[in-house]
Amino acid sequence: MFGKASKYAFANAVLAVIEGKMLTQAQVDQMYVAGSLKELVRMFSDTIYAQYFEDGADIAEIAEKESIRAKLELYEILPPDDHFVFDMYYKRYDYNNLKILLKSHFLNKPVNASELSAVGCISPQELMAYFEEERFDDLPFLFSFSELEAEFQKSKEMRLVDSVLDRAYYREFLDVIYRKNDDFLVDYLRQQIDLKNFLVLVRCSRTNLNPENYFLDGGYIDLYTLAGYAGEPPDSLLTAPDFAGYRLLLRHGVEALEKKGSFSELETTIKNHAILHLRDVRDFYFTIKPFVAVSY
């Protein structure tokens with residue numbers, strides 16, 4: 001409890017209070033099976049979020065306000081020297097805003113600031129200013145605007161914007177996690193990259209796209225190895241030795257995909273794996289791990 005670990009003592013006590021206000025897993029599970037929006041609103045009326053529905057706010061507005069509130073609370077209790085880890089987490093909202101702005105720019109369509117999220121580290125107005133003033137080379141993201149623009153002009157493929165920015169985000173995120181020097185967080189993120197690459201392989205095999213254009217770098221399975229699985233059906237990927245560690249996790253989602261043709265269960269399985277992975281460290285007091293578990 002002494003030395004560096006003690007900096008989390010007060011923060012963990014406050015975090016416990018914050019967690020007590022959050023929805024339980026049972027409540028979330030019930031909301032997933034709500035038969036209508038009216039029923040969902042009724043479920044929320046029994047929680048601390050009831051006030052939002054009394055004011056007539058829509059779901060998107062509620063999610064935005066709560067995300068901002070949770071972020072501010074987290075930054076208030078966390079030691080300042082850990083903020084850089086969470087800056088990178090919240091920068092995913094900036095990357096999503098950037099996707100919208102780039103696509104609109106390439107299609108010559110205007111964007112209203114209200115269409116962008118304010119949860120990230122860069123305000124929508126500040127990000128829009130880069131485009132209004134055509135300061136594309138100054139954009140604070142790990143990608144080349146000129147290269148992306150040239151590729152888009154050749155292909156006219158919107159998915160190119162998503163793939164370039166997704167790779168940039170995870171490359172930047174992994175660099176930050178390595179700086180934190182926490183083996184658990186590195187392992188968590190590298191597993192997530194592997195699982196997302198599995199989805200890339202499956203989606204591309206069904207649409208006859210080249211998966212090498214969409215892979216994320218930094219997982220346990222290197223890009224050269226992944227490229228060798230291009231075109232393989234999902235059930236073959238499950239038997240591949242490189243995916244052996246994820247076989248049990250992915251099996252149910254792959255079976256659902258084969259039967260129903262829907263990716264929803266496979267995507268949900270991967271998201272749930274991330275939640276369960278982080279839930280295991282929520283009791284690692286006097287470390288950064290419980291804060292990652294709650295926010296991520």
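**Helix packing and salt bridges in an all-helical predicted model**

Helix H6 passes helix H8 in a right-handed crossing. In this predicted model, the axes of H6 and H8, the latter spanning residues 145–155, come within 12 Å and cross at roughly 50°. The two helices are therefore oblique to each other, since angles that are neither under 35 degrees, nor over 145, nor from 65 to 115 count as oblique. On the H6 side, the contact is formed by Leu 102, His 105 and Phe 106, which meet Phe 145, Leu 148, Glu 149 and Phe 152 of H8. By class, this contact comprises five nonpolar residues, one polar residue and one charged residue.

The protein chain as a whole contains 15 helices and zero strands. Of its 296 residues, 43% are buried. Among contacts in the chain with a separation of 6 or more, 62% are accounted for by residues 24 or more positions apart.

A total of 14 salt bridges is present in the structure. One of these also involves H6: Asp 162 forms a salt bridge with Lys 99, with the closest N and O atoms 3.9 Å apart. This pair links distant parts of the chain, as Asp 162 belongs to helix H9 (residues 159–180) and Lys 99 to H6 (residues 83–106), with their positions 63 residues apart in the numbering. The two partners fall into separate accessibility classes: Lys 99 is buried, with a relative accessible area of 12%, whereas Asp 162 counts as partly exposed at 22% relative accessibility. The assignment follows from the cut-off, because buried means under 20% relative accessible area. The pair also takes part in a wider arrangement, in which Lys 99, Lys 103, Asp 162 and Asp 166 are linked in a network of salt bridges.

A salt bridge within a single helix is formed by Glu 66 and Arg 69, whose closest N and O atoms are 2.7 Å apart. Both residues lie in helix H5 (residues 59–77), where they are three residues apart, or about one turn of the helix. Glu 66 is buried, its relative accessible area being 13%, while Arg 69 is partly exposed, with a value of 31%.

Another salt bridge joins Glu 157 to Arg 159, with a distance of 3.1 Å between the closest N and O atoms. In this case Glu 157 is partly exposed, with a relative accessible area of 26%, and Arg 159 is likewise partly exposed, at 37%.

The surroundings of Asp 187 were also examined. Asp 187 lies in helix H10, which covers residues 183–207, and counts as partly exposed at 23% relative accessibility. When its neighbours within four places in sequence are left aside, Asp 187 is in contact with Tyr 220 and His 277. The C-alpha atom of Asp 187 is separated by 9.8 Å from that of Ile 177, a residue 10 positions away along the chain.

Definitions and conventions:
Residues numbered from 1 in each chain as written. Predicted model: local features only at pLDDT ≥ 70, side-chain atom pairs only at ≥ 80, totals over all residues. Heavy atoms only, no water. Salt bridge = Lys/Arg side-chain N within 4 Å of Asp/Glu carboxyl O. Helix = DSSP H or I, 4+ residues; strand = E, 2+ residues; numbered from the N terminus. Buried < 20%, exposed > 50% of the residue type's maximum accessible area, 1.4 Å probe, protein only. Axes fitted to C-alpha atoms, helices over the stretch in contact; angles between N-to-C directions. Left-handed = near helix turned anticlockwise from the far one by under 90°. Contact = heavy atoms within 4.5 Å. Nonpolar A, V, L, I, M, F, W, Y, C, P; charged D, E, K, R; others polar.
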